[in-house]
Amino acid sequence: MSATQTKEFRSPEKESENGSGGVQFRVETLAYKSRERMELINITRDLNEIVKKQGLKAGMVIVQSLHTTTAVFINEFQQALMDDIKSFLERIVGKFDYWRHNDPRLSECDRKNAASHLRAMLLGHTISLPVQNGALALGNWQSVIFAELDGPRTRNVHIQVIGVPETQDE
Amino acid sequence: MSATQTKEFRSPEKESENGSGGVQFRVETLAYKSRERMELINITRDLNEIVKKQGLKAGMVIVQSLHTTTAVFINEFQQALMDDIKSFLERIVGKFDYWRHNDPRLSECDRKNAASHLRAMLLGHTISLPVQNGALALGNWQSVIFAELDGPRTRNVHIQVIGVPETQDE
Amino acid sequence: MSATQTKEFRSPEKESENGSGGVQFRVETLAYKSRERMELINITRDLNEIVKKQGLKAGMVIVQSLHTTTAVFINEFQQALMDDIKSFLERIVGKFDYWRHNDPRLSECDRKNAASHLRAMLLGHTISLPVQNGALALGNWQSVIFAELDGPRTRNVHIQVIGVPETQDE
């Protein structure tokens, strides 16, 4: 439905490239251009592209939403279910309820996005996952989903790949 | 109440057994046979058995639910509280509300389990914990709890043990 | 508003100080004295102090709430928003609803704190984050927030710092 976001790989942070002793810690940033107020984007393939590039023998990954009104979580990426998740979030945290964060007498925030903050809090900002066979060790129906909760905007996601490269012992 | 699930340790994934440079990354899979639609299982002892076997001097663990309608979370494992958690999840995400994922015109899923997906999303699919003295570094009252939200079925949980083995420097 | 908690650094756990092969796994405990029943404390600066002390070239961090009625999560630390989060938690998990955990016929817990357990479960007990440039790799508006949900009490938070020290290769 709303999947035509622009994706862009930023170059990795140089200072975190190498650990001694064989274990690497690398952080890369993925950028997404969301197109709607609330949008759920399947980022599994992008994450796996980065993991594969590192050629790990064994390792793990941290995925981190870099904004307070975005989130990352795991679920089945099916369009009907994504629409259910959006309507559930809209119902459980009402956009038009009274929120102090939206009240100009109490807050300097002019985005009126208290509901976006609370929805992100419920979904969470970081997940960690094992790496196996050069890919995220996800279950059959599991995808890593990025949640835009106050778009449209350009947003960033960190992926840190930690592990031992395949080439190390040869 | 519903605790007679069958537990079974699967052999570890061979490709992720060793890191060079001293740090090991090992993934093992635990299997549970749930007996009810919604069931909360204390898996702390099983996790600690695996951690202990690795004989780590220092390390960490990732615990991962491998299904979209199961979850892992931390809390006190008391039966009255487990019943409260189940009734809370039933109330906050109604099974019989209208969900697109359950609508045959919009979805091929015939399990009608939208509520299970949403409840799993609220609890979360991965947690990471330090290892200390050869065990999970949990607080006094903390247990790691596996949530079956669309059972009864056989379900898998990943545990990745990362760290430096005791025997390394000797 | 309620920020005068006492903070105290405990000495690190000796057994987890060193990994061989260059990667260190260190666990430290932060103690906070909360002053209210529900209180949200910005612990980002304390965490970064510990991370900086380790002098990592590259690494990651696990932050863990050590109690079943406290939590850790990420969001913008703005007072109006913190008040919104508190009132949201109070509304979504009613303290005076019927909970089995609060019923003396079913539970030995005399704190009547079922709602605190459920609120902590929604926020979560562990987060993992990359370390970059000797600090948590947080987004511009992101803070790590400790949630006291059944205070006032003295509470502990684990921070595990994992990584390769700056001095390693010289």
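**Notebook: salt bridges and the B–C interface**

I started with A:Arg100, which forms a salt bridge with C:Asp84, the closest N and O atoms being 3.9 Å apart. A:Arg100 lies in the loop between α2 (79–92) and α3 of chain A and C:Asp84 in helix α2 of chain C, so the pair joins two chains. I noted that this is a predicted model. I then looked up accessibility: A:Arg100 is partly exposed at 29%, whereas C:Asp84 is buried at 0%.

Next I searched the whole structure for salt bridges and got 27 over all chains. I looked at A:Arg37 and A:Asp150, whose closest N and O atoms are 2.8 Å apart. The two residues are 113 apart in the chain, A:Arg37 in the loop between β2 (24–33) and β3 (39–42), A:Asp150 in the loop between β8 (143–148) and β9 (154–165). A:Arg37 is partly exposed, with 30% relative accessibility; A:Asp150 is buried, with 2%. Both belong to a salt-bridge network that also takes in A:Arg111 and A:Arg153.

In chain C I checked C:Arg155 and C:Glu148, a salt bridge at 2.9 Å, N to O. C:Arg155 is buried at 2% relative accessibility, and C:Glu148 is buried at 0%.

I then turned to how the chains are arranged. Chain B can be laid on chain A by a turn of 120° and a shift of 0.0 Å along the axis, with an RMSD of 0.0 Å. The two copies are thus related as by a three-fold rotation axis. They use different surfaces, since 19% of the contact residues of chain B recur in chain A.

For the interface of chain B and chain C, I recorded 41 contact residues from chain B and 37 from chain C. The buried area is about 3,000 Å², 60% of it from carbon and sulfur atoms. On the chain B side, B:Asp84, B:Phe88 and B:Gln132 lose the most area to chain C, together 19% of what that side buries.

I found 2 salt bridges across this interface, and B:Asp84 with C:Arg100 meet in a salt bridge at 3.9 Å, N to O. I also found 13 residue pairs in polar contact there. The largest share of the chain B side, 9 residues, comes from α2(B). That side divides into 21 nonpolar, 14 polar and 6 charged residues.

Last, I looked at α3 (114–123) of chain A. In this helix 10 of the 10 residues are buried, so it is largely enclosed by the rest of the structure. Among them are A:His117 and A:Arg119. Just after α3(A), A:Gly124 takes a positive phi of about 100°.

Definitions and conventions: Residues numbered from 1 in each chain as written. Chains lettered and ligands numbered in written order. Predicted model: local features only at pLDDT ≥ 70, side-chain atom pairs only at ≥ 80, totals over all residues. Heavy atoms only, no water. Least-squares fit on C-alpha atoms with pLDDT ≥ 70 in both. Contact = heavy atoms within 4.5 Å. Buried area = accessible area lost by both parts, 1.4 Å probe. Salt bridge = Lys/Arg side-chain N within 4 Å of Asp/Glu carboxyl O. Polar contact = N/O pair within 3.5 Å; in protein donor to acceptor, adjacent residues only side chain to side chain. Helix = DSSP H or I, 4+ residues; strand = E, 2+ residues; numbered from the N terminus. Nonpolar A, V, L, I, M, F, W, Y, C, P; charged D, E, K, R; others polar. Buried < 20%, exposed > 50% of the residue type's maximum accessible area, 1.4 Å probe, protein only.
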